[in-house]
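I opened the model to see how the chain is put together. My notes follow in the order I looked things up.

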Amino acid sequence: RIWRMKLTLILLAAGNSRRFDGNKLLTPFHGKPMYQYIVEEVEKLPDGLFDDKIIVTQYPEIMEDLEKRGYVVVENVQSSLGISHSIHLALEAAASPDGEEASYCFAVCDQPYLKAATIEGLIEGWKNSKRGIGCLCNMGEFGNPAIFSEAYRNELLALEGDVGGKRVLRRHIDDLYLHEVDDGLELVDIDVRG
């Protein structure tokens with residue numbers, strides 16, 4: 001039978017933006033709310049690249065917008081528990097059907113320079129590599145998005161506090177596909193007001 005893998009996009013947009021002084025995801029950045037950049041790049045990707053799309057957020061404006069765009073909306077009412085809580089909520093919402101191996105592409109909503117072609121390149125390269133984890137990198141620096149196969153689901157569910165998938169990724173460098181990005185700007189997340 002043809003090996004079939006289900007790939008779910010998980011956008012993480014629940015953070016409290018403590019370093020940013022205000023809600024950075026809704027703050028206009030060059031004319032539009034920060035979170036919309038990745039959403040618009042994802043819409044440029046080929047149909048069917050992702051089987052499902054999930055958004056984890058605490059912000060009603062983002063929930064409303066992305067629900068209209070076909071995302072499964074997961075509300076995080078305890079964002080103070082840190083990024084691990086958003087990861088747990090997303091994985092619980094991403095139940096995998098029988099007979100399909102699941103994998104999860106985690107992306108954040110504060111990387112306004114990330115391009116659709118880069119996301120697509122990461123996914124294609126990762127699939128071809130047959131490795132269990134993949135992420136973008138620039139000159140040795142790991143960046144988002146990051147993809148995890150089902151094999152790492154329990155480790156992701158075991159994360160606690162404000163710790164994300166990079167901890168899992170660093171434990172399994174031997175099973176990691178790195179997709180080099182020429183322009184390091186694509187990996188920059190905006191943490192402080194310009």
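Before counting, I fixed my terms: helices are DSSP runs of H or I with at least four residues, strands are runs of E with at least two, and both are numbered from the N terminus. This is a predicted model, and I read it as such.

**Entry 1: overview.** I counted the secondary structure of the protein chain and got six helices and nine strands. I then looked at burial. Of the 194 residues in the protein chain, 53% are buried. The chain exposes about 9700 Å², and carbon and sulfur atoms supply 49% of that area. I also checked contacts between residues at least 6 apart in sequence. Of these, 73% join residues at least 24 apart.

**Entry 2: the sheet.** I traced an open sheet of seven strands. The order reads β5-β4-β1-β6-β8-β7-β9, and the pairing is mixed. At the edges I found β5 (72-75) and β9 (176-180), each paired on one side only. I took the turn between neighbouring strands, ignoring direction, and got 25° on average.

**Entry 3: helices on the sheet.** I looked at helix α1, residues 36-43, next. Helix α1 packs on the sheet and touches β1 (5-13), β4 (52-57) and β6 (101-108). Its direction makes about 160° with that of β1. Helix α2, residues 60-68, lies across β1, β4 and β5. I read its angle to β4 as about 170°.

**Entry 4: strand β1.** How many residues of β1 are buried? I found nine of the nine, so the strand is largely enclosed by the rest of the structure. I sorted the side chains by direction. Met5, Leu7, Leu9, Leu11 and Ala13 point one way, while Lys6, Thr8, Ile10 and Leu12 point the other way. All of these are buried.

I then followed the pairing of β1. With β6, the strand pairs in the parallel sense over eight bridges. There, Leu9 has Cys105 as its bridge partner. With β4, the pairing is also parallel, over six bridges. Thr8 stands opposite Asp52 in β4.

**Entry 5: the β9 edge.** I moved to the pairing of β9 with β7, residues 133-138. These two strands pair in the parallel sense over five bridges. Cys137 has Glu180 in β9 as its bridge partner.

**Entry 6: salt bridges.** I counted seven salt bridges in the structure. I wrote up some of them.

Asp52 and Lys6 meet through their side chains, at 2.5 Å from N to O. This pair links distant parts of the chain: Asp52 sits in strand β4 and Lys6 in strand β1, 46 residues apart. Is each partner buried or exposed, or in between? Lys6 has a relative accessible area of 8%, so it counts as buried. Asp52 is at 30%, so it counts as partly exposed.

Lys32 and Glu40 form another salt bridge, also 2.5 Å from N to O. I found Lys32 partly exposed at 23% relative accessibility. Glu40 is partly exposed at 26%.

Asp65 and Arg69 meet at 3.0 Å, N to O. Asp65 is buried, with a relative accessible area of 16%. Arg69 is partly exposed at 27%. I asked which residues share a network of salt bridges with this pair. I found that Glu43, Asp65 and Arg69 are linked in one.

Definitions and conventions
Residues are numbered from 1 along each chain as its sequence is written. This is a predicted model: local features need pLDDT of at least 70, side-chain atom pairs count only at pLDDT 80 or more; totals for chains, interfaces and linings use all residues. Side-chain values use heavy atoms; hydrogens and water are left out. Two strands pair if DSSP finds at least two bridges between them. Axes are lines fitted to C-alpha atoms, for helices over the stretch in contact, and angles run from 0 to 180 degrees between N-to-C directions. Contact means heavy atoms within 4.5 Å. Buried means under 20% relative accessible area, exposed over 50%, partly exposed in between (1.4 Å probe, protein chains only). Accessible areas come from the Shrake-Rupley method with a 1.4 Å probe; for residues, only the protein chains shown count as cover. A salt bridge is a side-chain nitrogen of Lys or Arg within 4 Å of a carboxyl oxygen of Asp or Glu.
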